[in-house]
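Visitor: Got a minute? I'd like to walk through this model with you.
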Amino acid sequence: MTETTKPQVNELIKVQNLKKYFPVRAGLLQRVVAHVQAVDDVSFVVREGETLGLVGESGCGKTTVGRTMLRLIEPTAGAVEFDGQDVLKLRGNDLKKMRRNMQIIFQDPYASLDPRMPIGESVMEGLNIHNIGSRKERFDIMLDTLKKVGLEDYHARRYPHEFSGGQRQRIGIARALALRPKFIVCDEPVSALDVSIQSQVLNILNDLQEEFGLTYLFIAHNLSVVEHISDRVAVMYLGKMVELTGREELFANPMHPYTKALMSAIPIPEPNLKRDRIILKGDVPSPLNPPSGCRFHPRCPVVMDICSQQEPAFKEYKPDHFVACWLYE
């Protein structure tokens, strides 16, 4: 009997045992008295050319994962490999070169744009820092990038306050795209936008991915948006990864009780169909003092004795379907 071989897929980014603890200081001497365990032992890969959706409740550590991967926040422990290079060991010019290939679209575009700088200058800022081409070449790249996100030449002379929320998010996309990176972290890029504008921005991201062969980490809490844009989906809860698989598999056969509860909250656009809601009891525990064992066990509808005693391993129970749950042991 011959074993079936999986198709070879280039893994652009490998995240291994990533941790980020934020110290809590108190007292006159500001001593560290505790740690907020924002991200605790998270491992996953991002394949070249795909969109990996990262979902979970507010405060579960999604944004911290994205920013730590880019070294906008220094991790407490773990490893991040980009195209075979250890990002966390890079310094100086090597790190600067790496940043060309790894960009971010921020959740709040207005807060991330300089209000005193015309948006054309903001988009060119990365090109100036990396000294790409001549001044005219950088200007041409900026105009071309603005057109690719649906803006016109004359917009380059305007300031951030002269744009709507949707237009400002397009500027944020243009700024991330200007350096022609391989990988972009999309940190809830449509959560503050109207539904009609959301679809326009998502279509722009899809078109740019096809044109430039981009790889996305798409952070969101809206599962409908994640279903629309993602190839695979990872679910986080209280700093831990609880499930990771392909989009169709996750939405058809969620395995983790937390994922099932999230799926049950998605509205169905059909008045006669009703979904059985799974209502979780209690509040999300504090990352300052997370529960022992499985972090979801205080709210889990199918909790067992072992759940409060030992932490489940994040394992592959089906082909390319990873879950951290004692139900499947």
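Visitor: How many aromatic pairs are there?
Guide: The count is 5 aromatic pairs. Rings of Phe, Tyr and Trp (its six-membered ring) pair if their centres lie within 6.5 Å; planes under 30 degrees apart are stacked, over 60 edge-to-face, the rest tilted.
Visitor: What kind of pair do phenylalanine 314 and phenylalanine 322 make?
Guide: A stacked one, because the ring centres are 5.9 Å apart and the planes stand at 25°.
Visitor: Are those two buried or exposed?
Guide: Partly exposed: phenylalanine 314 has a relative accessible area of 29%, and phenylalanine 322 has 22%. Buried means under 20%, exposed over 50%, partly exposed in between (1.4 Å probe, protein chains only).
Visitor: Before I go on, what sort of model is this?
Guide: A predicted one: local features need pLDDT of at least 70, side-chain atom pairs count only at pLDDT 80 or more, and totals for chains, interfaces and linings use all residues. Residues are numbered from 1 along each chain as its sequence is written, and side-chain values use heavy atoms, without hydrogens and water.
Visitor: Back to rings. Which residues form a cluster?
Guide: Tyr237, Tyr258 and Phe296, linked by ring pairs.
Visitor: Switching to strands. Why is S8 largely enclosed?
Guide: Strand S8 covers residues 215–220, and 6 of the 6 are buried, so the rest of the structure largely encloses it. Strands (E, at least two residues) and helices (H or I, at least four) are DSSP runs, numbered from the N terminus.
Visitor: Which way do its side chains point?
Guide: Thr215, Leu217 and Ile219 point one way from S8; Tyr216, Phe218 and Ala220 point the other. In a regular strand, side chains alternate between the two faces of the sheet.
Visitor: And which sense does S3 pair with S8 in?
Guide: Parallel, over 5 bridges, with S3 at residues 51–55. Pairing takes at least two DSSP bridges between two strands. Glycine 53 has phenylalanine 218 as its bridge partner in S8.
Visitor: How many bridges join S7 to S8?
Guide: 5 bridges, and S7 (residues 183–187) runs parallel to S8. Valine 185 partners leucine 217 there.
Visitor: Last topic. How many disulfides?
Guide: The structure holds 0. A disulfide needs a pair of cysteine sulfur atoms within 2.5 Å.
Visitor: Why no bond for cysteine 186?
Guide: Because the closest cysteine sulfur, in cysteine 60, is 17 Å away, too far for a bond. Cysteine 186 is buried, at 0% relative accessible area.
Visitor: How far is cysteine 325 from its closest cysteine sulfur?
Guide: Its sulfur is 6.3 Å from that of cysteine 300, also too far for a bond. Cysteine 325 is buried at 9% relative accessibility.
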